Protein chains: 2
Amino acid sequence: MEHSKDSKLPYHHGALRQALLEAGDSVLRDRGLSGFTLRECARRAGVSHAAPKHHFGDVRGFLTEIAALGFDQLTRQLQTQIAIAHDLDEEFINTTRAYADFAGENPEHFRIMFRYDLLSATSERLAQAAGETFTVLTNVVLRQRGDPELLASVYDEKVAESVIDDIVLSWSHIHGFAHLKLEQQMSMVPAATHDDVMVRASRRLSRFIRSDAGHQDEG
Amino acid sequence: MEHSKDSKLPYHHGALRQALLEAGDSVLRDRGLSGFTLRECARRAGVSHAAPKHHFGDVRGFLTEIAALGFDQLTRQLQTQIAIAHDLDEEFINTTRAYADFAGENPEHFRIMFRYDLLSATSERLAQAAGETFTVLTNVVLRQRGDPELLASVYDEKVAESVIDDIVLSWSHIHGFAHLKLEQQMSMVPAATHDDVMVRASRRLSRFIRSDAGHQDEG
DNA sequence: AAAGCATCTTGTCAATGTCAAGTTAGCGAG
DNA sequence: CTCGCTAACTTGACATTGACAAGATGCTTT
């Protein structure tokens, strides 16, 4: 019932997959991950409760696609903020801020993206999307070090151990700050604004990595 | 039915609260957070499906208590590993490892502990438990700096801005590594073992914090 | 012993994910 | 053109869940 809203849609909807994903975003926005249901998504897309099955299989398949789209968007936002930086300090700070801002603006997406147990471990689509985010972050670290950038992945190209160390150090910092802030743990830290603290911490880490690049295996 | 298993239990159970929490742990262990239900907990505790209500109110109340117990245990495990360290390098490394090991051994607890949207924001019990974990971590940082340790919280005692910076830098690193590893993101990092990388990253961060203590406001 | 109250049970309700079976329509082959 | 064919959707059903209301039970206190 109530098919009157936009009758030029082919009655095999035509763009149901896209419509369901948009409905999913809207459900996540105002009901959160714990209030997320396939049936509500179907309802908002104007289709029957079983319609999502054909496009995503089950709820895991749906969440996997949502997570992949989240990584796509995170990648884009990181690239944008990296591009407008004027120096290496600023680039690292912007990266941390963009990552944390993404988490703050898309809390439910962020939560889904980092819930391995909810996602399809075999999804090539998701692995690809997450891999691209990771490559962007890796290249931030490589530029800090003055090393050549990656074209694809750290698996395709051989990287030194000290590069791995710097990546883990940087990513842990960036991700940890974003996650702790999102989940309200930073409220235990007395500070005027968390952004100020993040800027100082990121700048120090950035400079440390540059000063200590190739800390053990470069001579 | 099936009350025969231990009939010395008073028939108002007597220790239902404790039994439910243990049942909760067992449900989390083999069904995960997404398969966690109050009714299954009640079933395993041998009581009716509505029994949990009197002790925890709703599912949020139950999860809040589980999260608080998680912080209690994390605090203890951190303290244990900190106590057996022989120097400041090792203390910082042990802290990072204990935090990550807790996440690896209690993945569902860890997930619940850092899901602000699932927990009761007004729970004094939870705030206390999380605060104690935070105090332990803060004292790790203060010892790195050679500063006097906190007795209670950073809110009770006045701390310098550079202390805040070091806490956020350290905690972000420690938490980020644990979370990324738990959620399988470290699989994108090529390395023989993640522990090796973590040890190197933690040692470097530890030494950097010591060398840079009071980096701006101490003269 | 009687009252009072925390504790636990039973029954119910709307909602959900998944599956099975049916319906519709776009599309290619003859 | 039209006759299937198949992907895209609907309908209906089922077991399960969280929450609530009302009732039963038994400890405790006076």
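This report walks through a predicted model, going from a single chain to its domains, then to the pairing of two chains and the DNA strand beside them.

**One chain**

Let us begin with chain A on its own. It holds nine helices and zero strands, so to speak a run of α after α: read along the sequence, the pattern is α-α-α-α-α-α-α-α-α. Taken along the principal axes, the C-alpha atoms of chain A fill a box of roughly 70 × 45 × 30 Å.

Chain A is also divided into two parts, with domain 1 covering residues 9-57 and domain 2 covering residues 58-211. The centres of these domains of chain A, taken over C-alpha atoms, are separated by 29 Å. Where they touch, 13 residues of domain 1 are in contact with 13 residues of domain 2. About 1200 Å² is buried between these two domains of chain A, and carbon and sulfur atoms give 79% of that area. Which residues of domain 1 of chain A lose the most area to domain 2? They are Leu28(A), Leu33(A) and Phe56(A), which together make up 45% of what the domain 1 side buries.

**Two chains together**

Now for the partner. A turn of 180° with a shift of 0.0 Å along the axis lays chain B on chain A, with an RMSD of 0.0 Å. That is the relation of a two-fold axis. Gly176(B) is the residue of chain B that comes closest to this rotation axis, its C-alpha lying at 1.7 Å.

The pairing brings 47 residues of chain B into contact with 47 residues of chain A. Between the two chains, about 4600 Å² is buried, with carbon and sulfur atoms giving 66% of it. Met188(B), Arg200(B) and Arg204(B) supply 16% of the area that chain B buries against chain A, more than any other three residues. Through what kind of surface do the copies meet? Because 100% of the interface residues of chain B are also interface residues in chain A, the copies meet through the same surface.

**Beside the DNA**

Finally, we come to DNA strand D. This strand is surrounded by 22 residues, and the closest are Ser48(A), His54(A), His55(A), Arg39(B) and Arg43(B). The residues of this surface divide into seven nonpolar, ten polar and five charged. Looking from the DNA side, 56% of the strand D atoms within 4 Å of the protein belong to sugar or phosphate, and the rest belong to bases.

Some polar contacts with strand D from chain B are listed here.

| Residue and its atom | Atom of DNA strand D | Distance |
|---|---|---|
| Arg39(B), side-chain N or O | base nitrogen | 2.4 Å |
| Lys53(B), side-chain N or O | phosphate oxygen | 3.4 Å |
| Val59(B), polar backbone atom | phosphate oxygen | 3.3 Å |

Which elements give two or more residues to the surface near DNA strand D? They are α3 (52-56) of chain A together with α2 (38-45) of chain B. The element that gives the most is α2(B), with three residues.

Methods
Residues numbered from 1 in each chain as written. Chains lettered and ligands numbered in written order. Predicted model: local features only at pLDDT ≥ 70, side-chain atom pairs only at ≥ 80, totals over all residues. Heavy atoms only, no water. Least-squares fit on C-alpha atoms with pLDDT ≥ 70 in both. Contact = heavy atoms within 4.5 Å. Near = heavy atom within 4 Å. Polar contact = N/O pair within 3.5 Å; in protein donor to acceptor, adjacent residues only side chain to side chain. Helix = DSSP H or I, 4+ residues; strand = E, 2+ residues; numbered from the N terminus. Nonpolar A, V, L, I, M, F, W, Y, C, P; charged D, E, K, R; others polar. Domains from an automatic or database assignment. Buried area = accessible area lost by both parts, 1.4 Å probe.
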